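Okay, thanks for making time, everyone. Let me put the structure up on the screen, and then I'll walk you through a few spots I'd like you to look at.

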Amino acid sequence: MNIFENYLKKINKIILENKVFLNLENIESLTNVNLESPPEPFNYDLSTNVCLVLAKANKIIPHKLALEVKNLLLNKINHFEKVDIAGPGFLNIKLSKQGMVVNINEIIKNKDNFGSKQTNKTYNVEFVSANPTGPMHVGHCRGAIFGDVLSNLLLFNGNKVVKEYYINDYGNQIKNFVESIYLRIREIKFKEKFIVKENLYPGEYIKEIAKNIISNNKNLNVENIDNCFDKLKTLSLNESMKLIKDDLKKLGIKHDNFFSETYLVKKDLVKKTVEKLKDKKFVEEGFLDPPKGEQSKNWKKIKRLIFKSSKFGDDMDRALQKNDGSWTYFANDVAYHSDKINRKFDNLINILGADHTGYIKRITAAVKALSNQKVKLNCKVCQLVKFYKNGKPFKMSKRGGDFISAQDLLNEVNKDSIRFMMLNRSNDMELDFDFEKVKEKTKDNPVYYVQYAYARINSIIRLLNKTLNEKIVINSDSFSPNEYEEKIIRKIFEWPKIIESAVSKLEPHKIPFYLYDLSTIFHSYWSKGNEDNKYRFIENGKIKRKETLVFIYLTAIVIKNGMSILGVSLPEKM
């Protein structure tokens, strides 16, 4: 239920039915009309630019049109108690008691789905996809949480979502990983010295993986790496993915599907995908120009298969083969996205790290070419996180090799704080994570402030011997909200617009921003009651005004829905 959408439809319908009376010949511009919340100084519930838009398109005076439209709205929509003209022709609208009550009862009736539009599309959201060579590091955490919350947001809005992890389990880095574990096994079993070589993994976690493999595979023959490589690769990747899945679980994240790069190779999907692009005339043999900054004389021209990605918005065409004729990483990725397209998703979303910005155009071009531009790929880049403690940059100890693990972060702060704070800024901006702030029990700690609002609500409900599941219906006869309750309901009415905007722009950070604002209004109302008995919620163990209880319930409904999307817990006592 979106009151802005509902009332905008009614306003547009009235305009269309009265276009002759209003002398409107051009009504195509109605698509540019919006209905919003007016700025706080204006004591109104809705505001529309309809008269400004139509006046410009029809070359008439906005204020004159506003006078006529104002009267029509007051006569035709009984939920509008007052309509005033502001500035050059904005219409500010105040809802009647009946209008307020009808909308509030509708919210309470559909509380679990309030804000959801039920768009019923299918999404594949690929996120994390950390190399399976050890546990997650802190650099993965922001993208992991962003992808998970974005998926939750899409699910809340009535879509079908597959949360997917792409396992990069093929190539030289995996060979180096397996060799590292092989040498650690030799070190443990035969007391051979582990010699650190370039590209090997020296971290302590490699020893733990080696110990687990030895313990669970007594008959594994490790006399020669070539003879045991395939078996050891499977065992090593299983152990590594256990570490990653355990880290994800501690962050509150569970993927629906894990897709293996090795599967692509074994099923020959890369060759099949390239043939498909050849048939479309998007792949051909040719020569690439030298990369920017590289001298032409040092560039070895080798004939290879090239994808014409520049036809689909990329800066240049891209090689699908290396100098030795083997497939590039990009070729494997193209095949992976071809498989996604074949699985019939309406939308593909990739969550990428800050170092993958330059990769977006080429993979987007591939999806366009493979799907005849019918499937949309959105790539969202999560920028870096900077950690602070006591106002200074904080360097956590590195216990897992040459990286800071996700577990190190979880040892410092809890899952709820990490999830909420990782979304406390737009994904395309660097994020400052202050360890001291997320531990404070003040307004400066957003996650605490929202959780505390919900805990306060539950303390009120317990005091009244009620539950938040009770059915509440109000009527317009006794409805008379005070100024704080008006602020709360106006904020509540905005919730569906926040969801709509967050979904359409793939910006889940809008959720914690909104919840913090709503909680701030609620806490202000509570504090006012401590100063002035007129605003006190409870007197002699009973609720003073039934309206107050309604607004408490409404606030709880939205906080619960919002924090569920964020995957953050809501303690009933704090």
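**A walk through the model**

Let's start with glutamine 373, which is exposed, with a relative accessible area of 55%. One thing before I go on: this is a predicted model. You'll find glutamine 373 in the loop between helix H12 (360-370) and strand S12 (376-382). Now, the backbone: glutamine 373 is not a glycine, yet its phi is positive, about 60°. For context, most residues other than glycine have a negative phi.

Valine 128 also has a positive phi, near 75°, and again that's a residue other than glycine. So is valine 128 buried or exposed? It counts as buried, because its relative accessibility is 14% and the cut-off for buried is under 20%. Valine 128 sits in the loop between strand S5 (122-126) and helix H5 (138-156).

Okay, next up, a charged side chain. Arginine 186 is in helix H6 (residues 172-190), and with a relative accessible area of 12% it is buried. Who does arginine 186 contact, if you leave aside the neighbours within four places in sequence? That would be Lys191, Glu192, Val222 and Glu223.

Now the sheet. We've got an open one with three strands, in the order S8-S9-S10, and the pairing is antiparallel. Strand S8 (283-286) and strand S10 (318-319) are at the edges with a single partner strand each, so each has one side without a neighbour in the sheet. Zoom in on strand S9 (residues 304-307) and S10: two bridges join them, and they run antiparallel. If you want a landmark there, isoleucine 306 is opposite alanine 319 in S10.

On to the aromatics. How many aromatic pairs does the structure hold? There are 24, and I'll show you two of them. In the pair of phenylalanine 259 and tyrosine 336, the rings are tilted, at 5.0 Å centre to centre with 45° between the planes. That pair links distant parts of the chain, since phenylalanine 259 is in strand S7 (residues 257-260) and tyrosine 336 is in helix H11 (residues 329-342), 77 residues apart. Phenylalanine 259 counts as buried at 7% relative accessibility, and tyrosine 336 is buried too, at 0%.

The other pair is phenylalanine 282 with phenylalanine 312, and this one is edge-to-face: 4.9 Å between centres, 90° between planes. Phenylalanine 282 is in the loop between helix H10 (269-279) and S8, while phenylalanine 312 is in the loop between S9 and S10, so the pair ties together parts that are 30 residues apart in sequence. Both rings belong to buried residues: phenylalanine 282 has 17% relative accessibility and phenylalanine 312 has 11%. And there's a bigger group around them, one aromatic cluster made up of Phe282, Phe307, Phe312, Tyr329, Phe330 and Tyr359.

Last stop, two helices. The axes of helix H16 (residues 483-504) and helix H17 (residues 510-531) come within 10 Å and cross at roughly 175°. That's over 145 degrees, so H16 and H17 are roughly antiparallel to each other. On the H16 side, the contact residues include Tyr484, Ile488, Trp495 and Ile499, and on the H17 side they include Tyr514, Leu518, Phe522 and Tyr525. What does the contact of H16 with H17 divide into? It's 13 nonpolar residues, two polar and seven charged.

Okay, that's the tour.

Methods. Residues are numbered from 1 along each chain as its sequence is written. This is a predicted model: local features need pLDDT of at least 70, side-chain atom pairs count only at pLDDT 80 or more; totals for chains, interfaces and linings use all residues. Side-chain values use heavy atoms; hydrogens and water are left out. Two strands pair if DSSP finds at least two bridges between them. Helices (H or I, at least four residues) and strands (E, at least two) are DSSP runs, numbered from the N terminus. Axes are lines fitted to C-alpha atoms, for helices over the stretch in contact, and angles run from 0 to 180 degrees between N-to-C directions. Angles under 35 degrees count as roughly parallel, over 145 as roughly antiparallel, 65 to 115 as roughly perpendicular and the rest as oblique. Contact means heavy atoms within 4.5 Å. Ala, Val, Leu, Ile, Met, Phe, Trp, Tyr, Cys and Pro count as nonpolar, Asp, Glu, Lys and Arg as charged, and the others, Gly among them, as polar. Rings of Phe, Tyr and Trp (its six-membered ring) pair if their centres lie within 6.5 Å; planes under 30 degrees apart count as stacked, over 60 as edge-to-face and the rest as tilted. Buried means under 20% relative accessible area, exposed over 50%, partly exposed in between (1.4 Å probe, protein chains only).
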